[in-house]
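This report concerns the overall fold of one protein, the setting of one threonine, and the enclosed and open spaces found in the structure.

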Amino acid sequence: MENQTTVTEFILLGFSSDPQMQMFLFLVFLVIYLITLLGNVMIILVIRADPHLHTPMYFFLSHLSFADICYSSVTVPNMLMNFLAEHKTISVSGCIAQMFFIILSAATEAFILSAMAYDRYAAICDPLHYVEKMNKRICVQMVSGTWTMSFFHALLNTAFTFKLHFCGPNQISHFSCELPRLLHLSCTETLINQLVLLSSIVIFGSSSFLLTLISYIHIISTILRIRSTEGRHKAFSTCSSHLIVVGVFYLTATFQYTKPSSVSSMALDEMFSIQYSILTPMLNPIIYSLKNREVTTAVRRMLGKYRFFT
């Protein structure tokens, strides 16, 4: 170990080394990032401003929007700077910090989606006790638990990463620092890190996925038992936006981490990473705005007030 050079920074290779392509990608991802910020900030402001949206479902949605802003802001601003920079470097500590916030944001989003699924289960399957099950104190506890569990999930994996030694190479074939790529560059044994990562995914990831899955099994079963077509449509419309968001989130993550090694490639890995870490935070507010009449009405009401005062 004495003869090995200690790496102090990594080089993020990103998408392309062609200057013209980098400028084009800079503009594309800048627009995506601005849409993400605008859409999610709009959702948060509308929910806070409109008393009609002061319900558990929209309380969770506002936290989902905040998590989406965090998720996108962890990677995209640094990626935009690298498109314009000659030296696309990031310190080892900065890389590990970015990895921590990526894990924190992703885990928080998964847990909030689970809380929203349970909320829809309570509203559709047990409407008589909905107010009791989803009162303000319980909702705050659920969101607090979401951020706390996500924090420990991220901290657990990050703490073991500080024990790794990096001696070269220092090039990361990606636009951000993700744990599997850091483990690949380590000069020391990574078995413990891999076990911690696998265990935390099984415990935290499976629990959030199973809660969401079980909630929707009960929801779909209840909707199918509704006799009138109008009643089924009305019940389904209350959770259709959330179901689309859940589908996009989990399908992308599933394809990313379960695809055969024979179809693995740098371009494919980057495409999946762009989908769940950059495009999904942009799409979530769009889906809720287009598919949710209450949100659409509230946005129009707020914009109408703004035009009135101006």
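Helices, in this report, are DSSP runs of H or I with at least four residues, and they are numbered from the N terminus. Thr158 lies in one such run, helix H5, which covers residues 136-161. The model is a predicted one.

**Setting of Thr158**

The relative accessible area of Thr158 is 6%, under the 20% limit, and the residue is therefore buried. Apart from neighbours within four places in sequence, Thr158 is in contact with Ile96, Met99 and Phe100.

**Overall fold**

The protein contains 11 helices and 3 strands. Their order along the sequence is β-α-α-β-α-α-α-β-α-α-α-α-α-α. The radius of gyration is 21 Å, close to the 19 Å given by the globule rule for 310 residues, so the protein is as compact as a globular protein of that length. Along the principal axes, the C-alpha atoms fill a box of roughly 75 × 50 × 35 Å.

Of the 310 residues, 45% are buried. When contacts between residues at least 6 apart in sequence are considered, 79% of them join residues at least 24 apart. The exposed area of the protein is about 16,600 Å², of which 68% is supplied by carbon and sulfur atoms.

**Cavity and pocket**

Searching the whole structure yields 1 cavity of 30 Å³ or more. The table sets the largest cavity beside the second largest pocket.

| Space | Volume | Main contributor to lining | Lining composition |
|---|---|---|---|
| Largest cavity | about 90 Å³ | H2, 3 residues | 6 nonpolar, 4 polar, 1 charged |
| Second largest pocket | about 500 Å³ | H8, 5 residues | 4 nonpolar, 6 polar, 6 charged |

The lining of the largest cavity includes Leu12, Leu13, Gly14, Phe15 and Ser16. Gln22, Met79, Asn82, Phe83, Lys88 and Phe175 also line the largest cavity.

The second largest pocket has a volume of about 500 Å³. Its lining is made up of 16 residues, and those closest to the pocket centre are Lys234, Ser237, Thr238, Asn292 and Arg293. Two or more lining residues come from each of helix H2 (56-84), helix H8 (229-237) and helix H11 (293-309). Helix H2 thus contributes to the lining of the second largest pocket and also gives the most to the lining of the largest cavity.

How values were computed. Residues numbered from 1 in each chain as written. Predicted model: local features only at pLDDT ≥ 70, side-chain atom pairs only at ≥ 80, totals over all residues. Heavy atoms only, no water. 1 Å grid on protein atoms, 1.4 Å probe; cavity = no way out; pocket = protein on both sides within 12 Å on 5 of 7 lines; lining within 4 Å. Points joined across faces, edges and corners; volume = space filled by probe spheres on them. Nonpolar A, V, L, I, M, F, W, Y, C, P; charged D, E, K, R; others polar. Rg over C-alpha atoms; globule rule 2.2 N^0.38 Å. Buried < 20%, exposed > 50% of the residue type's maximum accessible area, 1.4 Å probe, protein only. Contact = heavy atoms within 4.5 Å. Areas by Shrake-Rupley, 256 points an atom, 1.4 Å probe, with all protein chains shown as cover.
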